[in-house]
Each structure stands twice: as structure tokens, then as C-alpha cells.
Amino acid sequence: MPHGQDIEDDTSEMTSEYECLQCGRIVEAETNPGECEECGGDFQNRAKSIE
Ligand SMILES: [Zn+2]
């Protein structure tokens, strides 16, 4: 029996939030959405902690 899955936290979300750098639109996606459908801007992953 496989084990080692115990270290997941409560946030079992598979998606990350991406923010459009131009218009500020927030999109949830598993991978980078690419272009904003509103303004064509680039998305930035908000989940990445910027230190
Ligand atoms: Zn946008």
C-alpha cells in the first residue's frame, strides 16, 4: 500500500490565481492562461510568493 500523501494541506486546490499585469483581471487556472482575453496583457502567477 502506497503511503506518503500525508503532507498535503487543507487547500487542495489544483489551480493557481493569475493576475493580468495590465488590467488587473484575476483568473484561476492550472497553468498560465497566456494572454488576457480582456486586454491581451500577460498574466503573473499570484501564488508565487514574492519576497
Ligand atoms: Zn488584462
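The donor residues of the zinc ion follow the spacing C-x2-C-x12-C-x2-C in sequence. In this predicted model, the four positions of that pattern are Cys20, Cys23, Cys36 and Cys39, each of which offers its SG atom to the zinc ion at 2.3 Å. The angles among the 4 donor atoms run from 99 to 118 degrees, and the site is tetrahedral.

Two of these ligands, Cys20 and Cys39, bring together distant parts of the chain, as they are 19 residues apart. Cys20 belongs to strand β1, which covers residues 16-20. Cys39, in turn, sits in the loop between β2 (26-29) and β3 (43-45). Their surroundings can be described in terms of solvent accessibility. Cys20 has a relative accessibility of 2% and therefore counts as buried, the limit for that class being under 20%. Cys39 reaches 35%, so this ligand counts as partly exposed.

A helpful neighbour to look at next is Gln22, found in the loop between β1 and β2. Gln22 has a relative accessible area of 60% and is therefore exposed, as the class begins over 50%. Leaving aside residues up to four places away in sequence, Gln22 touches the zinc ligand Cys39, along with Gly40 and Gly41. Gln22 can also be placed relative to Glu38: the two residues are 16 apart in sequence, with a C-alpha to C-alpha distance of 9.6 Å.

How values were computed:
Residues numbered from 1 in each chain as written. Predicted model: local features only at pLDDT ≥ 70, side-chain atom pairs only at ≥ 80, totals over all residues. Heavy atoms only, no water. Donors = N, O, S within 2.8 Å, 3.2 Å for Na, K, Ca; no water. Tetrahedral: all angles 85-135°; square planar, octahedral: opposite > 155°, others 65-115°. Helix = DSSP H or I, 4+ residues; strand = E, 2+ residues; numbered from the N terminus. Buried < 20%, exposed > 50% of the residue type's maximum accessible area, 1.4 Å probe, protein only. Contact = heavy atoms within 4.5 Å.
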